[in-house]
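Got your viewer ready? Load the model, switch to cartoon view, and let's take a walk through it.

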Amino acid sequence: MVPALIRSMDTCPMLATFRNSLNAWPVRLLFGLLVLAFVGWGFSDVWTQATGGGALVTVNGSRIEPQAFQATYQRELNRVRQQMGGGRQDVPPDIRKMVAQQALQQMVTETVLDDLTRKMGLTTPDADIRQATYAMPAFKNDQGQFDQARFQAVLNSVGLTEDSYVAYLRRTITERQLLDAIRAGASAPKILVAPLFAWQKEQRSGDMIEVPVSAAPAPPQPTDKQLERYWANHPARYTAPEYRRIKAIVLTPETVAKAIEVPEKDLRAWYDANGIHFDTPEKRDVSIVLVPDEAKAKALAEQWDNGADWKKISALANSDGGSAVELTGITKQQLPVPDLMPLAFETTKTDQIAGPVHDSLGWHVVRVGKIQPATHRSFEEMKEEIKQILSTQRAMEQIYDRSSHLDEAFAQGSTLDDKLPDADAVAAISGQLDMQGNTREGTPAPIPGSDQLKQALITAAFSMKKGDAPHLVPVTPQSQPGTPAGPTTYFAVQVEDIIPGALRPFPEVKAEVTADWIQDKRHHSQEEAATRAMLALQEGKSVADAVTLSGGTLKQIPLLTRKGETGDVSADTRRALFALKLNDSTMVNTPDGFAIIRLTRILSPTEKDDPAAFSQAREQITQGLAEDLENTFLASLRSKADARVNNALLQRIMQQ
């Protein structure tokens, strides 16, 4: 039992390999705990009944049970489903098969590793289990210390016993020890690192002749016949996008909150318990001078009272061996010297000099500046805000149940044309939109919810056929590592009609066609000029000659590396520069037109030029080799394992 183990054991050194990778363990372990929880109770009853207790896979005599595989498979399938923005039927069979194969390979790998470490007699001592448990953030209190109550609560929340937690942790750390020993054999020799380092850190510079389209002379005005031919030859430019007329509902905490009535007594109870936290205490600007001598303090107070400014008072205090400080917007609790409370906070007058007052530090002189009175918000002032807080809290508690009601209605054949349960808790929308989510007026369609939900709804609408049955789609918000994810939201959509894209009539788009025709002529003119300049350089003519032929502007490209900042040099220009041989030239497109690039200098660094960077590169290559060693080792273990799969059972699981 972990708490007893933690209380009774003496501290002992941690295995070096585990200590080195400890920072990554908390995330891995918590993830594993959730998997164990699903295996332990999430699917057990269902699959015991469905499979009759047979193993899905046997690996060297060890069993992989259907419920364990189902947990891993469903987790990965849900992740793919979310990325595709659809329900179960949106995951094609070939992708489902790939997900199942990956999940099965993962579990076979874990099984053969467990078998190997057991045969080798490897294990993890209790001291390391304790150390790993102490290191996990989920088990720490606000002071960063291990909290036994929190530890037990986390295990309870995922349905684990202490024994199952210890067993999982011991197996995981033990397997990591074995794999770290395999990785330790990787080492990148300098003869391998040197050319890779030189390539990675190589610097290049050159000449660039910029030939912008805007510098081209305006062509003669086109005739209507020329414009009509241009319009006919470029139909994609003047075709209206496909629109879809949809109906949709959105279920979010905000939409649910609008359907929740909070009784007056609940509002008052919340105010009585929490309203004081919204009051603000009185704040004051306080200037304090401290000097060691009473006579000097009185003299300084007199000068201050006679109009000396703060700069002068500060200088005098410092010259007298004291100090001066200005405190802006402080409360009584923030006053650093409690003995000054009567001078700083009991007067109602501002800009008056008070003191000197003596304490163990010396003699203080005080001036009170701006006073910000305390504020108190009454119940009536906060009523709407409290209502919003409580309705949102209750919406968060109710949204899952409400989504279940809608999901069940759709499963029974309901559409968005029918009267749905919890209709007051959803936002209903209808209208036409294109694939970018814009209406025919060019404005964003009024879809409520997060940007992620909006994009998922639009993607789903354009992947459906007219008349397809709606289903409720969950949208799990993305979050940054270390930050909690927001609540899951939901939508359902059905396509009422599909309006294909159509070529807009010439008279309607004549102005656009004219502008495009003129721009294309200018573009073609500058392309020809840039091509002449590039050919001249390739024939051995000077850069000055090329500038004259192109009518462009010469610019020096500073030393650049393959990666990193490029300043005002485009990524395309850098790629072109690193594709050239010394003194060769090429032409690239730029956002403004064209550029002729000529490579004039190459610097290839060695270890002596930057030992630290060389060492870092060597370490990165060594890590890559270590990854390859580990993957090769695991692949070898899998290939040698006696793994037998119940394919009929696997197919049944994949069809669920």
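The tour goes from the whole chain to its cores and then out to the surface.

**Whole chain.** Keep in mind that this is a predicted model. Colour by secondary structure and you'll have 23 helices and 15 strands to look at. Of the 656 residues, 39% count as buried. Now switch on contacts: among those between residues at least 6 apart in sequence, 73% join residues at least 24 apart. Show the surface as well; the chain exposes about 36,500 Å², with carbon and sulfur atoms supplying 52% of that.

**Largest core.** Select Leu56, Val57, Val59, Phe69, Tyr73, Leu113 and Phe633 as sticks: in the largest nonpolar core, which has 27 residues, these touch the most other members. Next, highlight the elements that each supply at least two residues of this core, including strand E1 (57-59), helix H5 (66-84) and helix H22 (611-640). Which helix gives the most to this core? Pick H6, which contributes 8 residues.

**Zoom on Phe633.** Centre on Phe633 and skip its neighbours within four places in sequence: you'll find contacts with Leu113, Leu116, Leu178, Leu179 and Ile182.

**Second core.** Now jump to Leu251, Ala257, Ala409 and Leu416, which are among the 25 residues of a second, separate core. In soluble globular proteins, nonpolar side chains tend to be buried together.

**Out to the surface.** Finish by selecting Ile191, Leu192 and Leu196, the makers of a nonpolar surface patch of about 300 Å². Leu192 sits in helix H10 (residues 190-201). Is Leu192 buried or partly exposed? Its relative accessibility is 35%, so Leu192 counts as partly exposed.

Note on methods. Residues numbered from 1 in each chain as written. Predicted model: local features only at pLDDT ≥ 70, side-chain atom pairs only at ≥ 80, totals over all residues. Heavy atoms only, no water. Helix = DSSP H or I, 4+ residues; strand = E, 2+ residues; numbered from the N terminus. Buried < 20%, exposed > 50% of the residue type's maximum accessible area, 1.4 Å probe, protein only. Contact = heavy atoms within 4.5 Å. Areas by Shrake-Rupley, 256 points an atom, 1.4 Å probe, with all protein chains shown as cover. Core = buried A, V, L, I, M, F, W, Y, C linked by side-chain atoms within 4.5 Å. Patch = residues over 30% accessible without salt bridge, like charges linked within 9 Å, V, L, I, M, F, W, Y side chains within 5 Å. Salt bridge = Lys/Arg side-chain N within 4 Å of Asp/Glu carboxyl O.
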